[in-house]
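Student: I am new to this structure and would like a close look at one part of it. Could you walk me through how a pair of its helices packs, and then show me what lies around that part?

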Amino acid sequence: MFDAREWKPSAFNLLLEGKDGQILFNSVTGHALWLDEGRRAAIDQCLTGLGGDATALPDLAEALAKLGFAVPAQADEYALEKARYLAHRDDPRRLYLTLAPTMQCNMKCSYCFQQNVEHSRAMTPAIAKGVVEFARRKAETAQGMVVQWFGGEPLMAWTTIQTMSAQLQAICAARGIGYYAEMLTNGLLMTPEIVAALPKMAVRALQISLDGAVTTYAERRRVPLDRAEAYYRFLMAHMPALIEGTGSVTIRINVDRQNITEAKDVVRMFKRHAILDPRLDFRLGFINTSRGIIDCIPHDCFSNSEFADEEDDFRRFLKDQGYMVYGMPQPVNHPCTATLSNGFTIDPQGRIGKCVPAVGTDQSVFARIHPDDIDRTLAEVESATIPYGDFDPFTSAGCAGCTLLPVCLGSCPKLHEAGQLLSCSMKEGLEDKMAFYGAFHHERATAP
Ligand code: SF4
Ligand code: SF4
């Protein structure tokens, strides 16, 4: 029997007004209810009755409690969520490595945030061996390893990646722990052999970036048009195998005010080639300087709110075209791997840092790989003051008390440093986003 006196509404409930209706969202469980007027009144009545002697709708109250919209009266939800965050942040059981085997790139993208990075560097065999040994030592206390292949353009160091993958997989197999990898690539160097090799290297997620029509791609990447055309043909021919082999392909279309309409052209191109797999995840990439790696990108960039509007429009377009639409806000364990005690970036020089886009620079670097002396590397890691190591969004001035903390966790720890301006992109367009996903998931669930 549901006893209203023992319950209260969750402090993490949000009532949102979107274009397509009202939504009650709980950011701890990620559950959302889409409300018409009748439902809204019943839920209001039910939640306001909690804590009192009785609620008029005990069955509904019980259902709301199961979904997290009501919680035990004694619960200190902020304390619980903060404890959950800290437990993940400090958990040594999963090792996250972002490895850049080269900072070289085969392109010169006009919006590249690595334009000030020294691109000539590729990882030497000695450093690569040291990285693998570092991973082996750190894996001794881990129960799983996740590697993100990053760069520069990682496919420029394909041989190094193959060698290191085999060694890292062997370490995990010997210890009986899980291993998988992800890769961010511009894709241009992909070959049928690479497509076939990715599953063997346990690459489970691939992100490929595009810019729109092939002419725009050629112009922005500064590659000859015939090369760009050949690449687009390759991508269409091999996309089904890439999705099948990895299980997840994200197409990130980098946009500003000039090329935004071409994002839809990319989707249309996939559709013309009958590539409609639900494991395909189209995203708009926001060209801007918010991560603070460089001061200016010479593009006509959107503001945060303009970009949120474009995302809303793009989501609706994807749905109309019959594609899966990813990106509904859900609870997360960490804002980014930079905050994790066992999350490390390693660049071709063996510099160990924290922030992924800052790889190849000195930003966030706190130790280095000493190929002949990994004990020394481990001692440096143990004794260093680790950047973002004590990041706690629950006490950070910009985010403390925010109802969205469980799905955002402060976004980017860099933006919480003294002198930085916290730009809160999570709240931008949230109502429209949630209203969209409400209608989208409802339609999918009720489709014949
Ligand atoms: S610190 Fe910020 S920029 Fe760096 S990886 Fe985390 S979210 Fe990204
Ligand atoms: S960045 Fe914004 S949405 Fe995220 S926790 Fe902070 S205030 Fe909330």
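Tutor: Happy to! Let us begin with a term: a crossing of two helices is called right-handed if the near helix is turned clockwise from the far one by less than a right angle, and left-handed if anticlockwise. Keep in mind that this is a predicted model.

With that term ready, look at α9 and α10, whose crossing is right-handed. Helix α9 covers residues 260-272 and helix α10 covers residues 304-320. Two packed helices are described by the angle between their axes and the distance between the axes. Here the angle is about 20 degrees, and the axes of α9 and α10 lie 11 Å apart. Angles under 35 degrees count as roughly parallel, and α9 and α10 are therefore roughly parallel to each other.

Which residues make the contact between α9 and α10? From α9 come Ile 260, Ala 263, Lys 264 and Val 267, while α10 brings Glu 310, Phe 314, Phe 317 and Leu 318. Sorted by class, the contact of α9 with α10 holds six nonpolar residues, two charged ones and no polar ones.

Now follow the chain onward from α9. The loop between α9 and β11 (280-286) contains Ala 274. Ala 274 is worth a pause: it has a positive phi of about 60 degrees, although it is not a glycine. Most residues other than glycine have a negative phi, and most peptide bonds are trans.

That second point has its own exception elsewhere. The peptide bond from Gly 151 to Gly 152 is cis, with omega near 20 degrees. You will find Gly 152 in the loop between β7 (144-149) and α5 (158-175).

For another helix pair to set beside α9 and α10, try helix α4 (residues 125-139) and helix α11 (residues 374-383). The axes of α4 and α11 come within 10 Å and cross at roughly 60 degrees, which makes α4 oblique to α11. The crossing of α4 and α11 is right-handed. In this contact, Gly 130, Glu 133, Phe 134 and Arg 137 of α4 meet Ile 374, Thr 377 and Leu 378 of α11. By class, the contact of α4 with α11 has three nonpolar, two polar and two charged residues.

Finally, to place these helices in the chain, the domain assignment gives domain 1 (1-75) and domain 2 (86-320). The centres of domain 1 and domain 2, taken over C-alpha atoms, are separated by 40 Å.

Methods:
Residues are numbered from 1 along each chain as its sequence is written. Chains are lettered from A and ligands numbered from 1 in the order in which they are written. This is a predicted model: local features need pLDDT of at least 70, side-chain atom pairs count only at pLDDT 80 or more; totals for chains, interfaces and linings use all residues. Axes are lines fitted to C-alpha atoms, for helices over the stretch in contact, and angles run from 0 to 180 degrees between N-to-C directions. Helices (H or I, at least four residues) and strands (E, at least two) are DSSP runs, numbered from the N terminus. Angles under 35 degrees count as roughly parallel, over 145 as roughly antiparallel, 65 to 115 as roughly perpendicular and the rest as oblique. Two residues are in contact if their C-beta atoms, placed from the backbone, lie within 7 Å. Ala, Val, Leu, Ile, Met, Phe, Trp, Tyr, Cys and Pro count as nonpolar, Asp, Glu, Lys and Arg as charged, and the others, Gly among them, as polar. Domain bounds come from an automatic or database domain assignment.
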